[in-house]
Amino acid sequence: MTKGLTVAPEAFKSQLAFLLKFYDVIDIDSFYSHIKDSNADFLGKSAVLLTFDDGYSDFKTTVLPVLEEFNVPAIVYVSPGFWDKRARLWWYELEDIVWQAARDNTLYFTWQGSDYNIRLVTDKDRVSCYYMLHGMMMAMGHSMQAEFLDMLWDVSEASSHAPYAQMLSQDDIKWLSSHRLITIGAHTYSHSVLPVLSRQDAIDEVIKGKKILEDVTDRPIDHFAYPYGAASRREYDLIRELGFKTAVTMNPRTISQSHIRRNDKKFMFSLPRLSVRGDVPYPASIKVPLSGIEEYLLFPITFLKISISSNNR
Ligand SMILES: [Zn+2]
């Protein structure tokens with residue numbers, strides 16, 4: 001669950017050392033200009049761009065010193081709504097709710113006219129409950145998400161709204177934006193699931209996040225990351241129309257030379273991205289995503305399930 005989203009500092013160092021052995025780590029503006037100029041020779045197979053989402057404060061205290069030590073650039077995509085708590089780290093809240101809810105080992109609630117009665121006896125129950133609630137949250141706009149979360153806190157009698165993570169402050173972002181290795185990117189104002197919003201609400205969310213960051217950093221914010229990687233055609237077009245240069249998804253792919261040669265402008269707004277998970281040990285954590293194998297995993301897994309069940313019969 002959320003544990004996989006975090007990488008231990010020592011593992012991060014090993015991953016960076018590995019990357020630097022085989023790849024150039026470049027900043028996003030060089031990446032953009034080389035793709036724009038269809039300069040496939042520059043990228044070849046050997047360039048990597050490091051991205052960090054949301055703006056957690058340990059980026060400054062833990063990640064940046066390592067980036068400085070290795071002298072590598074990175075982009076941090078920031079949702080300013082975290083500063084005034086309008087945006088909530090709800091994926092951590094859900095984890096607490098599901099793990100702390102103990103009453104009769106069942107979570108009861110009524111939501112939009114439906115009654116839910118979810119067994120929470122085993123860890124497996126809790127994991128599937130977490131993913132069910134996560135799926136419900138991903139279908140909601142921001143204010144409905146807040147209402148749903150507050151209702152879950154109430155009915156679960158879970159106790160702590162723990163400080164899940166500290167976020168970088170406005171001053172931190174201002175300072176980071178002038179750091180030679182760091183670029184600040186936009187990530188909507190309140191970390192919204194853009195596809196569930198109306199077109200106008202989606203535009204407002206994106207513009208507000210971008211504008212605040214531009215005011216704070218006093219420089220243009222040209223790059224964007226879709227929160228949760230949630231985006232399709234409408235969002236790709238919208239981000240392009242709003243004047244961004246690039247936007248990253250969480251589609252686990254690598255960029256090939258043919259993408260660059262094609263000079264496909266739309267591709268710039270649905271750039272793939274590989275996740276390096278903290279719950280996968282090094283070196284697989286870095287080698288597996290870079291191998292490109294994740295792109296193909298969906299197919300063999302589906303196929304395996306079919307063969308297993310027919311063998312069992
Ligand atoms: Zn995010």
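This passage describes a strand, a helix and the nonpolar cores of a predicted model.

Strand β7 spans residues 182-186. Five of its five residues are buried, so the strand is largely enclosed by the rest of the structure. Its side chains point two ways. Ile182, Ile184 and Ala186 point one way from β7. Thr183 and Gly185 point the other way. Residues on both sides are buried.

Strand β4, residues 74-78, pairs with β7. The two strands run parallel and are joined by five bridges. Within this pairing, Val78 has Ala186 of β7 as its bridge partner.

Helix α4 covers residues 58-70 and has 13 residues. From its first C-alpha to its last it reaches 17 Å. That span is close to the 18 Å expected at 1.5 Å a residue. The helix is nevertheless bent. The bend is about 35 degrees and falls at Leu64. A proline, Pro65, follows within four residues. Just after the helix, Asn71 takes a positive phi of about 55 degrees.

Four residues of α4 are named here as buried: Phe59, Lys60, Val63 and Leu67. The buried residues of this helix pack against β3 (51-54), β4 and α8 (170-177). Strand β4 thus has two partners in this account. It is bridged to β7, and the buried residues of α4 pack against it.

The loop between α8 and β7 contains His179. This residue is partly exposed, because 15 other C-beta atoms lie within 10 Å, whereas 20 or more would make it buried and 12 or fewer exposed. His179 and Leu64, the site of the bend in α4, are 115 residues apart in sequence. In space their C-alpha atoms are 9.9 Å apart.

The largest nonpolar core has 43 residues. Val76, Val78, Ile173, Ile184, Leu213 and Ala247 touch the most other members. Many elements contribute to this core. At least two residues each come from α2 (28-36), α4, β4, α8, β7, α9 (199-217), β8 (223-225) and β9 (246-248). Apart from this core lies another, of 10 residues. Among its members are Trp90, Leu94, Val98 and Leu133.

Val78 links several of these descriptions. It is the bridge partner of Ala186 and is listed among the core residues that touch the most other members. Not counting residues up to four places away in sequence, Val78 touches Gly55, Leu168, Ile173, Ile184, His187 and Leu213. Of these contacts, Ile184 lies in β7 and is itself buried.

Note on methods
Residues are numbered from 1 along each chain as its sequence is written. This is a predicted model: local features need pLDDT of at least 70, side-chain atom pairs count only at pLDDT 80 or more; totals for chains, interfaces and linings use all residues. Two strands pair if DSSP finds at least two bridges between them. The expected span of a helix is 1.5 Å times one less than its number of residues. The bend at a residue is the angle between axes fitted to the seven residues ending there and the seven starting there. Two residues are in contact if their C-beta atoms, placed from the backbone, lie within 7 Å. A nonpolar core is a set of buried Ala, Val, Leu, Ile, Met, Phe, Trp, Tyr and Cys residues joined through C-beta atoms within 7 Å.
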